[in-house]
Amino acid sequence: MENAIVMKNVCKDFKILNRHEGLKGSIRDLFSRDYKTISAVKDVSLEIAKGEIIGYLGPNGAGKSTTIKMMTGVLEPTSGEIIVNGRVPYKDRTANSEHIGVVFGQRSQLWWSLPLIESFKLLRDIYMVSKEDYENMLALYRSLVDIEPILHKPVRQMSLGQRTLSDILAAFLHNPDIVFLDEPTIGLDVAMKSKIRDLIKGLNQQKGTTVILTTHDMGDVDALCKRIVIIDKGMKIYDNDIDHLKTYFGSYRTLRMRLSDDTWEERVIDESKEDVMDVIMKKQKECKIKDIQLQEISTEEVIKKIYGGEEAASDTSAKALEVAAVAADAAASSEEGGAK
Amino acid sequence: MNLRKRLALTRAGIMESLQYRLGTAVTLFANLIYLVLVYFLWKAIYASAGTDVVNGMTFTDTMIYLILATALFNFLEMFVVWDMSRSIQSGKIVLDLLKPMKFRSYTFWSYSGSHVVLFTLTFIPTFIVVMIVTHGAIPMGINLLYFAIATVIALVVNFSMEMIVSTICLYTESTWGINIVKETIVLLLSGASIPLAFFPDGFKTIVEYLPFRAVYDIPLTILLEKNGADTIEGVLPMFGLQLIWALVLTLAGTLFWNHAVKKITVNGG
């Protein structure tokens, strides 16, 4: 299958001024040429096929937004190569932006004081969408969500959920090849979240749009993404199916035991190291167990383990340890680089 | 060059501006107070001068000039610097950079709608009132057409200056001080607060070649047919000065902005 996005060994460094403490330090900073380099993204390679929905995950500050900004052309990579729709995005940002759509979490690209329909018309003209395509897209929107109640409402009067929904619709309006969704479900209630997930899924299926989704909500990932990419400290640490993820760091299960005082005790057990029966037997010697439940580990638990970094790594598999060690090395070397 | 994109932005700008009817009314009211102040100030100046004509301008001439300058200011005033610094802080600028248009053109046409509205709601009413009150002190002829052309060029010059200051603010990361300095300089040297005729001779000669004059003084001089602007031979050099500055500032502003954007894209926004 053809690729929508190809990234090869992409790195991104930021140069920032070393700030000093206190009043004296602030005055010194006025004349300072003392910069340090921060590596936000380190040697990330990635291929994304057309029509895929990719979950792009990572803890806060991992380099997700930086990667997205490079893919959209707002940031230029320090080294490496990015091709989006056959174009180098930062070299031709304006042309690239005709074929992509973006939704950045809590910022809106809609015209604040105008009814939604006016923003749609404006975007239609800015992106040079033909009347026919525009009508077809609106018809598709109507079939996926109930847009009538919000279509004539000024954006400033919308609830957060309605606004996010509108922003997503606006991003798809010119039928882009790729849509970047940066935390689209942040701050939304459960019903709205599921509505938005259905919408994204529907648009992806109907239009074959490639979707890059960054989120902290594992519900989004479970509902939408087959493949996920995890980035931490600027490095790609996982890139595979979501099903693999659960077995990636050992085969985990959650054991819940109801004790004699009716409290539930929960333990995450790595079955490759420990036997579930042993744990139960051991516990039973201490006190009486009234009930037992055995659960598959949720995506959320796995991600929590990965984000936990070093401390989690020490008690999980050797693979994670390795990754953490490389990350620590890289971080140390980048600090050295800055000191020069 | 794509008119559909641009006019769509103008249209949206007009609709957005019309949402703030109360704001326009308050602006008109604030002007009234300002003009009362100007009236008494200049009345005092003329009284102490002891003659009817100061620097070749009668009291009525000065008042007409300043009232129209204020009206022009209301309509030409832009908030590019404020808006840009806000959108950089909130990160919204990324969304604007990702529109399928050059950022400069996108910004210019986004503001164009509000100019249309303000011209209609503040300048035209003021103009009509001045016209009626002064019984024909404003010439009515081809000068109106010249004035319209001069105003459009003034708009471009003003926008270019705003963009250049906005771009400087990208580097300094602070907005307030620089913007206040810019506003003071423009208001003083453009003739918006004191007619240029009142400046001392040497200083006046310098100011006459600076770009600020292209924003307020030239359109008003053309409208009122002063300083030889009552013939086409008098008007053409003024257009020339305006056009040269419009071109120079647009070019300089574009190059400067492209350089600054490079910095943002290289070093993070």
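So, contacts in chain A: if you take the ones between residues at least 6 apart in sequence, 69% of them join residues at least 24 apart. Do keep in mind that what we're looking at is a predicted model. In chain B, the corresponding figure is 80%.

Let me stay with chain A for a bit. There are 14 helices and 12 strands in it, and buried residues make up 37% of its 340 residues.

Here's one residue to click on: A:Ile82. You'll find it in strand S4, residues 79–84 of chain A. Is A:Ile82 buried or exposed? It has 23 other C-beta atoms within 10 Å, and the cut-off for buried is 20 or more, so A:Ile82 is buried. And which residues does A:Ile82 touch, if we don't count residues up to four places away in sequence? That would be A:Met7, A:Val10, A:Met70, A:Met71, A:Pro77, A:Val88 and A:Pro89. There's also a nice pairing with A:Lys8: that residue and A:Ile82 are 74 residues apart in sequence, yet C-alpha to C-alpha they're 6.4 Å apart in space.

Okay, next stop in chain A, helix H8, which covers residues 190–207. Quick sanity check on its length: with 18 residues at 1.5 Å a residue, H8(A) should span 26 Å, and its end C-alpha atoms are indeed 26 Å apart, so that agrees.

Now, which residues of H8(A) are buried? They're A:Lys193, A:Ile196, A:Ile200 and A:Leu203. Look down the helix axis and the buried residues of H8(A) fall within an arc of 100°, so they line one face of the helix. That spacing is worth a thought: an α-helix has 3.6 residues a turn, so residues three or four places apart point the same way.

What do those buried residues of H8(A) pack against? Four elements of chain A: helix H7 (160–172), strand S6 (178–182), strand S7 (210–214) and helix H9 (218–224). Over on the other side of H8(A), A:Val190, A:Ala191 and A:Gln205 are exposed. And just after the helix, A:Gly208 takes a positive phi of about 65°.

Right, over to chain B. This one has 11 helices and 2 strands. Reading from the N terminus, you get two helices, then the two strands, and then helices for the rest of the elements. Its radius of gyration is 20 Å, close to the 18 Å the globule rule gives for 269 residues, so chain B is as compact as a globular protein of that length. Its C-alpha atoms fill a box of roughly 60 × 40 × 35 Å along the principal axes, and 34% of its residues count as buried.

One helix to pick out here is H3(B), residues 59–76. It's mostly covered, with 14 of its 18 residues buried.

Last bit: where the chains meet. How many residues does each chain bring to the contact? Chain B puts in 22 and chain A puts in 25. On the chain B side, the elements that give two or more residues are helix H1 (3–18), helix H5 (93–97) and helix H11 (232–267). H1(B) gives the most, with 6 residues. By type, the chain B side splits into 10 nonpolar, 6 polar and 6 charged.

And the confidence scores: the model has ipTM 0.84 and pTM 0.81. For chain B, the mean pLDDT is 87, with 98% of residues at 70 or more.

Key. Residues are numbered from 1 along each chain as its sequence is written. Chains are lettered from A and ligands numbered from 1 in the order in which they are written. This is a predicted model: local features need pLDDT of at least 70, side-chain atom pairs count only at pLDDT 80 or more; totals for chains, interfaces and linings use all residues. Two residues are in contact if their C-beta atoms, placed from the backbone, lie within 7 Å. Ala, Val, Leu, Ile, Met, Phe, Trp, Tyr, Cys and Pro count as nonpolar, Asp, Glu, Lys and Arg as charged, and the others, Gly among them, as polar. pLDDT is the predictor's confidence in each residue, from 0 to 100. The expected span of a helix is 1.5 Å times one less than its number of residues. A residue is buried if 20 or more other C-beta atoms lie within 10 Å of its own, exposed if 12 or fewer, and partly exposed in between; C-beta atoms are placed from the backbone. The arc is that of the directions from the helix axis to the C-beta atoms. The radius of gyration is taken over C-alpha atoms; the globule rule is 2.2 Å times the number of residues to the power 0.38.
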